[in-house]
Amino acid sequence: MPLPMRRLAAAPSLPAVHPHDSPAPPSVRLRRQHGRVSMERSSTTTARGVSCVMASGKEHAATTSGDEKKGGLRGKLKKVVLAYSGGLDTSVIVPWLRENYGCEVVCFTADVGQGDIELEGLEKKAKASGASQLVVKDLTEEFVGEYIYPCLRAGAVYERKYLLGTSMARPVIAKAMVDVAKEVGADAVAHGCTGKGNDQVRFELTFYALNPELKVVAPWREWDITGREDAIEYAKKHNVPIPVSKKSIYSRDRNLWHLSHEGDILEDPANEPKEDMYMMSVSPENAPSKPEYLEIGIVAGVPTSINGKDLSPATLLAKLNEIGGKHGIGRIDMVENRLVGMKSRGVYETPGGTIMAAAVRELESLTLDRETMQWKDMLALKYAELVYAGRWFDPLRLSMDAFMETITTTTTGSVTLKLYKGSVTVASRKSPYSLYREDISSFENGEIYDQADAEGFIRLYGLPTRVRAMLEKGI
């Protein structure tokens, strides 16, 4: 079968930009065409669903001491788009922004597969907190196709274990916030990230990359609120209904790729996680006693099908999460180095992602030669570091992505995996572009490989070793 040819396009020349112009840099996304996955640049956000909710009338119950016409305690902003979850922190940020910046607040929520429970009741909460508008966008397909799949194809893993679940989600959310800010005419964006974590960097580097003119407000780096009790008091003072929910002892982040757990007993690396903490997977000990086999179809380095059935990226991942979770796949406990300098301990559940990563890696063993695989593995470390550090839109990552796309052109075929009590093992690999030749690899002599040729090869390959030994022995 002839090899599909692909070459890197020359870097486009940059147009002259007036200092006051703010062109939006293109994003990069995966596009399926003619049975393969390729990259295309786009300056727009794709979303399956967008809903906007206006807050008005009696439901706009929250009060603030700031005057939006005159400005607030810390200055004046016109309109702020807030990354909004509906929890206590972001609920009190709404009146805090109005009080301190005299601004209108537009709440924005991204659906990246965190589940319907976390999206329920957001309209009512946003109105009650004093937001003028709630915007919800479904970004699940974009998240998987344009952010997860490039990382998967690159083999990006941070510090040997972390499959970058939160790191990949932040730029797609922040990009959507920039788009919403343009749509509603906002001059600022805000987030609820603390000053000790990685997410503040990931959000803000995306804001800078896509619209450097937007002002960024990070309340946790400004306000006097130091904890949950302070936030509750502030909410009561400003007539913000306190979200009624069972407070988790863990800090969690969930999306379609993973679920992370931090805090409480996990803050001591000597403590084993409690079994009741896990939500996406069963304990390997309690997984089925019978293994399950899955055939993962792969085109140009990314999964496209399960057991012969083609599925969209998000649907495929959701299905693998269900299957993998049932078998206790994808639990990771690690101590990682945060970007801000400290170490942190986290536990991650990534059942579907673990299966995907194993399938792609095994197929590459057939389709990549030694030198290409070694360079890919080396670059994957830097690629993961860039994604972890929030540098998704950096030219370096985009250039590395073009390299990864090119070398995985022939990573097409299928891999059959065996899932059993927390383990993923390969059972079969097949590719029309396989570099493995049974007639060459066989122990039997063949026409292509003559074992007698190895003697001359070893003499030449080992010549530096032999010369050094001769020098040391005075020969």
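This tour goes through the structure stop by stop, saying what to select and what is found there.

**Before you start**

The model is a predicted one, in which local features need pLDDT of at least 70 and side-chain atom pairs count only at pLDDT 80 or more, while totals for chains, interfaces and linings use all residues. Residues are numbered from 1 along each chain as its sequence is written, and side-chain values use heavy atoms, with hydrogens and water left out.

**The whole chain**

Select the chain and colour it by secondary structure, which comes to 14 helices and 17 strands; helices (H or I, at least four residues) and strands (E, at least two) are DSSP runs, numbered from the N terminus. Of the 475 residues in the chain, 48% are buried, where buried means under 20% relative accessible area, exposed means over 50%, and partly exposed lies in between, with a 1.4 Å probe and protein chains only. The chain exposes about 24,500 Å², of which carbon and sulfur atoms supply 54%; such areas come from the Shrake-Rupley method with a 1.4 Å probe, and for residues only the protein chains shown count as cover. Among contacts (heavy atoms within 4.5 Å) between residues at least 6 apart in sequence, 76% join residues at least 24 apart.

**The sheet of five strands**

Next select strands 13, 12, 11, 16 and 17, which in that order form an open sheet with antiparallel pairing. The edges are strand 13 and strand 17 (423-430), each of which pairs on one side only. Two strands count as paired if DSSP finds at least two bridges between them, and, in general, strands of a sheet pair through backbone hydrogen bonds, either parallel or antiparallel.

Add helix 9 (residues 351-367), which packs on this sheet and touches strand 11, strand 12, strand 16 (413-420) and strand 17. The direction of helix 9 makes about 135° with that of strand 16, the axes being lines fitted to C-alpha atoms, for helices over the stretch in contact, with angles running from 0 to 180 degrees between N-to-C directions.

Now narrow the selection to strand 12 (residues 302-306), which is mostly covered, with 5 of its 5 residues buried. Strand 12 pairs with strand 11 (residues 292-299) in the antiparallel sense over 4 bridges, and here Ile-298 stands opposite Pro-303. The hairpin of these two strands has 2 residues between them, and in it Ala-300 takes a positive phi near 50°.

Strand 12 is also joined to strand 13 (residues 309-310) by 2 bridges, and the two run antiparallel. Select Ser-305 with Asp-310, which stand opposite each other, and then Ile-306 with Lys-309, another facing pair. The hairpin of strand 12 and strand 13 likewise has 2 residues between the strands, with Asn-307 at a positive phi near 50°.

**The sheet of four strands**

Move on to strands 9, 10, 15 and 14, which in that order make an open sheet with antiparallel pairing. Its edge strands are strand 9 (251-254) and strand 14 (331-337), each pairing on one side only, and the twist averages 25° from one strand to the next. Strand 9 is joined to strand 10 (residues 259-262) by 4 bridges in an antiparallel run, where Asp-253 has Ser-260 as its bridge partner.

**Aromatic rings and charges**

Show the side chains of Phe, Tyr and Trp, whose rings (the six-membered one for Trp) pair if their centres lie within 6.5 Å, with planes under 30 degrees apart counting as stacked, over 60 as edge-to-face and the rest as tilted. By this rule there are 9 aromatic pairs. The rings of Trp-96 and Tyr-101 have centres 6.0 Å apart and planes at 65°, so this pair is edge-to-face. Both Trp-96 and Tyr-101 are buried, and together with Trp-220 and Trp-223 they form one aromatic cluster.

For a stacked pair, select Phe-457 and Tyr-461, whose ring centres are 5.5 Å apart with planes at 15°. Both residues lie in helix 13 (residues 453-461), 4 residues apart, about one turn of the helix, and both are exposed.

Then display Arg-331, whose charged end sits over the ring of Tyr-278, 3.5 Å from its centre, and Arg-202, whose charged end sits over the ring of Tyr-388, 4.8 Å from its centre. A charge sits over a ring if NZ of Lys or CZ of Arg is within 6 Å of the ring centre and within 35 degrees of the ring normal.

**Last stop**

Finish at helix 14 (residues 463-472), where the number of buried residues is 0 out of 10, so the helix lies largely in the open. Helix 14 is followed by Gly-474, whose phi is positive, near 70°.
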